[in-house]
Amino acid sequence: MAELLLGLDGGGSRTRAVVATRDGTVLGTGDAGSSNHQAVGFEPAVRALDEAVAAAWVASGIVPKVTGAETMFDAACLGLAGVDRTADRDLIAGWASERHLARRLAIVNDAELVLAAGTEQGWGVALIAGTGSICLGRMPDGAIARAGGWGWRLGDEGSGYDVGSRALRLATQTADGRAGAGSLLRAVLAHWSLDMPEQLLPRAYREGVSPAEVARLAVAVVRLADAGDEPARGILRDAGAELARHVETVAGRLRLTSPPLALGGGLLRTSAVLREATLSALSLTPAQVRVVDDPALGAVAIARRLLDGALETSLPPV
């Protein structure tokens with residue numbers, strides 16, 4: 001059987017797995033919910049990983065080759081939001097070991113995937129704005145710097161959660177008469193199937209409202225901004241300025257004056273208004289800008305480097 005690679009992109013809203021051959025040919029893909037264990041907990045996170053990998057296997061048409069201790073994949077790269085510390089990686093490595101997932105394994109932050117898929121040489125700056133936000137930079141010599149990635153309680157400026165939160169605040173200010181964003185208020189109420197502003201209070205504070213649920217309000221903001229609504233465009237301009245600050249900070253720490261810039265995350269991918277706001281707020285001029293539509297393909301590229309010996313496994317063999 002041909003050597004098989006697994007590339008996996010796990011974010012705050014979606015997990016995507018790709019089964020591919022060594023030459024990068026995609027055999028099957030699978031999707032599941034959030035695998036950010038910091039946001040949803042460890043058991044729901046690994047359940048999403050299991051579901052995405054299983055769906056990719058089914059789509060590939062290949063029978064998994066696990067017999068006893070034989071591994072499913074020759075190499076795998078898991079790019080996961082919320083995996084930044086050794087303790088985080090050890091948790092995921094334990095799951096991978098139990099599943100006999102791969103002969104060679106790399107577990108990295110999901111920003112690494114955007115950098116791998118969106119830059120020609122694997123160095124530059126990667127900026128993600130999805131449910132959360134993070135920026136990662138790498139020099140040609142391997143030196144790295146990052147900004148953001150602190151999660152919804154401590155940061156995530158410019159993210160879907162941030163945009164959704166800003167929309168809620170502006171909606172309630174409008175309900176009070178302190179702001180004039182009537183279209184945004186109506187859009188927020190419609191998104192949550194509410195009839196009147198007073199219903200926002202119990203809806204927003206009810207038990208079980210997740211950061212991803214708040215982040216999904218960004219869809220309504222993007223739709224209004226695309227239609228020219230000024231309050232919605234103002235929210236995205238502010239978010240873009242925050243994201244630009246991430247890039248400037250990382251580039252400054254690495255002394256990169258004109259780096260390649262890769263953009264990823266569902267919000268940045270889908271909102272031209274946010275991308276334009278982010279780029280216009282930059283004081284530096286990127287050498288190139290590339291939008292990464294499928295970061296899981298970056299994970300496949302990293303897995304291939306593992307198999308080729310161009311990259312050391314980031315963890316002990318599992």
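Start by selecting helix H10 (residues 230-254) and helix H12 (residues 272-280), whose axes come within 7 Å and cross at roughly 45 degrees. Axes here are lines fitted to C-alpha atoms, for helices over the stretch in contact, and angles run from 0 to 180 degrees between N-to-C directions. That angle makes H10 oblique to H12; angles under 35 degrees count as roughly parallel, over 145 as roughly antiparallel, 65 to 115 as roughly perpendicular and the rest as oblique. Helices (H or I, at least four residues) and strands (E, at least two) are DSSP runs, numbered from the N terminus.

A word on what is on your screen: this is a predicted model, in which local features need pLDDT of at least 70 and side-chain atom pairs count only at pLDDT 80 or more, while totals for chains, interfaces and linings use all residues. Residues are numbered from 1 along each chain as its sequence is written, and side-chain values use heavy atoms, with hydrogens and water left out.

Now show the side chains between these two helices. From H10, pick Arg233, Leu236, Arg237, Ala239, Gly240, Leu243 and Ala244; they meet Val273, Leu274, Ala277 and Thr278 of H12. Contact means heavy atoms within 4.5 Å. By class, this contact of H10 with H12 has 7 nonpolar, 2 polar and 2 charged residues. For the classes, Ala, Val, Leu, Ile, Met, Phe, Trp, Tyr, Cys and Pro count as nonpolar, Asp, Glu, Lys and Arg as charged, and the others, Gly among them, as polar.

Follow H10 onward to arginine 255, in the loop between H10 and strand S9 (260-264). Its phi is near 60 degrees, a positive value in a residue other than glycine. Arginine 255 is exposed, with a relative accessible area of 77% (buried means under 20%, exposed over 50%, partly exposed in between, with a 1.4 Å probe and protein chains only).

Next, select serine 133, in strand S7 (residues 133-138). Serine 133 is buried, at 4% relative accessible area. Draw a distance from its side chain to the backbone oxygen of glutamate 157, and you should read 2.8 Å. Setting aside neighbours within four places in sequence, the contacts of serine 133 include Gly148, Gly149, Asp156 and also Leu243, a residue you have just met in the H10 contact with H12.

Move to helix H5 (residues 160-176) and helix H6 (residues 182-191), which pack at an angle of about 115 degrees with their axes 9 Å apart. Ala167, Leu168, Leu170, Ala171, Thr174 and Ala175 of H5 make the contact with Gly182, Leu184, Leu185 and Val188 of H6. By class, that gives 8 nonpolar, 2 polar and no charged residues.

In the loop between H6 and helix H7 (200-205), click on serine 193. Phi is positive for this non-glycine residue too, near 55 degrees, and serine 193 counts as exposed at 65% relative accessibility.

For the last stop, select helix H4 (residues 110-118) and H13, packed at an angle of about 80 degrees with axes 7 Å apart. H4 is therefore roughly perpendicular to H13. Glu112, Leu113, Ala116 and Ala117 of H4 make the contact with Gly298, Ala299 and Ile302 of H13.

Finish in helix H13 (residues 296-308) with alanine 296, which counts as buried at 0% relative accessibility. Its C-alpha atom is separated by 4.8 Å from that of aspartate 9, although the two are 287 residues apart along the chain.

Conventions. A polar contact is a pair of N or O atoms within 3.5 Å; within protein, one must be able to donate a hydrogen and the other to accept it, and residues adjacent in sequence count only if both atoms are side-chain atoms.
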